[in-house]
Amino acid sequence: MRKIFAAGLLGLSLATSGLAYAEPVKVGMITTLSGGGAGLGVDARDGFMLALKLAGDTEIEVVTEDDAMKPELAVQIADKMIQSDQVDLLTGIIWSNLAMAVVPNAVAQGKFYLSPNAGPSPLAGAKCHENYFNVAYQNDNFHEAMGNYAQNEGIKKMFILAPNYPAGTDSLNGFKRYYKGELVGEVYTKLGQTDYAAEIAQIRASGADSVFFFLPGGMGIAFVKQYAQSGVGIPLMGPGFSFSQDVLGAIGDAAIGAKNSASWSKDLDNEANKTFVEAFQKEYNRLPSVYAAQAYDTANLIVSASKKASVKDADAFRAALKEAQFDSVRGKFKFNTNNHPIQDLYVREVVKEGDVLTNKIVGTAFTDHGDAYAEQCKM
């Protein structure tokens with residue numbers, strides 16, 4: 001399904017709307033709106049559109065299409081958006097295998113790509129590009145934070161698992177970069193898998209003290225439910241995606257107490273975040289997830305750059321993006337030399353507030369953390 005949103009129709013105007021735009025910007029949003037990963041894409045879309053609404057924006061048009069988690073479809077959509085819709089920049093992709101299929105070709109055609117989520121390691125390192133900005137993280141980052149947490153907590157034996165695709169590989173590599181204890185199991189599952197009986201049996205027999213898993217969206221829901229039903233009882237931990245707001249309701253109370261990592265949490269104490277969380281709840285009648293927060297920041301970055309420079313002047317617009325002069329829901333935010341964030345990463349715990357499962361910050365894993373691939377980027 002193809003949908004066109006004109007932000008000016010959304011109607012809410014703040015003082016920033018009085019600032020002049022250098023030139024209108026047409027954004028192509030390719031994201032997952034159907035299938036097991038739909039919740040992630042819907043949150044990203046909704047966070048992005050909310051930022052435009054709150055900015056009172058009238059000069060950014062968004063063309064949105066569903067990639068259905070299929071790389072070949074994402075490539076077709078991107079080609080059509082660039083050639084027929086004549087978008088100025090692209091955004092929205094959740095999954096790293098789709099990003100690897102779309103981003104290199106898009107930037108080679110002179111288009112900007114701003115990632116609100118997927119951060120595969122090649123695009124941070126050897127295949128970095130001046131027109132590619134990741135506003136979320138590099139894939140390893142959240143997992144590095146949990147590896148550091150597990151190491152500092154003195155956990156002796158870990159079982160780790162993730163899906164067999166670029167972000168899954170980055171995930172476990174990131175965890176192992178900081179965790180130096182014994183790995184009693186390292187398993188890659190099928191992307192989109194829903195039956196984890198075999199993996200849970202391996203965990204049961206492993207002698208692990210804890211389990212680290214990265215299974216976003218419907219995969220994580222299925223795994224945690226089956227894990228709870230199995231009665232294995234070995235504590236779970238993961239990146240924020242494994243216990244993100246979009247999946248907690250479906251997982252249920254089995255998630256309570258689980259530790260996870262993220263660059264954002266709804267309880268971060270800054271004005272931009274308070275405004276975002278309150279407005280998101282009011283607009284959509286649910287709490288935002290990290291996907292929504294990252295997309296909200298992505299939209300605000302575009303708004304800030306478009307007020308400084310015309311997107312048709314690539315050098316000026318690129319410089320405006322690099323400055324990152326927007327109020328991030330994460331608080332401080334800046335780009336590294338490879339156009340990926342330098343940011344703080346937190347350890348969170350799943351809690352229940354009334355009838356709602358959510359996360360709260362219980363510690364800081366890293367301060368001003370970059371990624372391991374920036375030195376490979378030759379920009």
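A residue counts as buried when its relative accessible area is under 20%. In this predicted model, Ala324 has a relative accessible area of 6%, so Ala324 is buried. The residue sits in the loop between helix 12 (314–323) and strand 12 (334–335). Its backbone is worth a second look, since Ala324 has a positive phi of about 50 degrees although it is not a glycine. Most residues other than glycine have a negative phi.

Met69 also has a positive phi without being a glycine, here of about 65 degrees. This methionine belongs to the loop between strand 3 (60–66) and helix 2 (71–83). Is Met69 buried or partly exposed? With a relative accessible area of 22%, Met69 is partly exposed. Readers following along in the structure can thus set a buried alanine beside a partly exposed methionine, each of them in a loop.

Attention now turns to the cysteines. The model contains one disulfide, and it joins Cys128 to Cys377 with an S to S distance of 2.1 Å. The link between Cys128 and Cys377 is right-handed, with 90 degrees about the S-S bond. Which parts of the chain does this pair bring together? Cys128 lies in the loop between helix 4 (121–124) and strand 6 (132–134), while Cys377 lies in the segment after strand 14 (356–369). The two cysteines are 249 residues apart, and the pair links distant parts of the chain. Both Cys128 and Cys377 are buried.

The interior also holds some empty space, in the form of three cavities of 30 Å³ or more. The largest cavity encloses about 100 Å³. It is lined by 15 residues, and those closest to its centre are Ile94, Asn117, Tyr137, Tyr165 and Phe214. Sorted by class, this lining has 11 nonpolar and four polar residues, with no charged residues. Where does the largest cavity lie with respect to domain 1 and domain 2? Domain 1 (3–137 + 268–335) and domain 2 (141–262 + 345–376) both give residues to the lining, so the largest cavity lies between them.

The second largest cavity has a volume of about 50 Å³. Its lining, too, draws on domain 1 (3–137 + 268–335) and domain 2 (141–262 + 345–376), with at least three residues from each. The residues around this cavity include Ser244, Gln245, Trp264, Ser265 and Lys266. Also among them are Pro288, Ser289, Val290, Arg348, Thr358 and Asn359. By class, the lining of the second largest cavity has three nonpolar, six polar and two charged residues, whereas the lining of the largest cavity has no charged residues.

Among the pockets, the second largest holds about 250 Å³ of space. Of the 20 residues that line it, Ile234, Pro235, Leu236, Met237 and Ala258 are the closest to its centre. Helix 8 (218–230) and strand 10 (236–239) are the elements that give two or more residues to this lining. Which element gives the most? Helix 8 does, with three residues. The lining of the second largest pocket has 15 nonpolar, four polar and one charged residues.

Terms used. Residues are numbered from 1 along each chain as its sequence is written. This is a predicted model: local features need pLDDT of at least 70, side-chain atom pairs count only at pLDDT 80 or more; totals for chains, interfaces and linings use all residues. Side-chain values use heavy atoms; hydrogens and water are left out. Helices (H or I, at least four residues) and strands (E, at least two) are DSSP runs, numbered from the N terminus. Buried means under 20% relative accessible area, exposed over 50%, partly exposed in between (1.4 Å probe, protein chains only). A disulfide is a pair of cysteine sulfur atoms within 2.5 Å. On a 1 Å grid over the protein atoms alone, a cavity is a set of points where a 1.4 Å probe fits but cannot get out, and a pocket is an open set with protein on both sides within 12 Å along at least five of seven lines; lining residues have an atom within 4 Å of a point. Grid points are joined across faces, edges and corners, and a volume is the space filled by probe spheres set on the points. Ala, Val, Leu, Ile, Met, Phe, Trp, Tyr, Cys and Pro count as nonpolar, Asp, Glu, Lys and Arg as charged, and the others, Gly among them, as polar. Domain bounds come from an automatic or database domain assignment.
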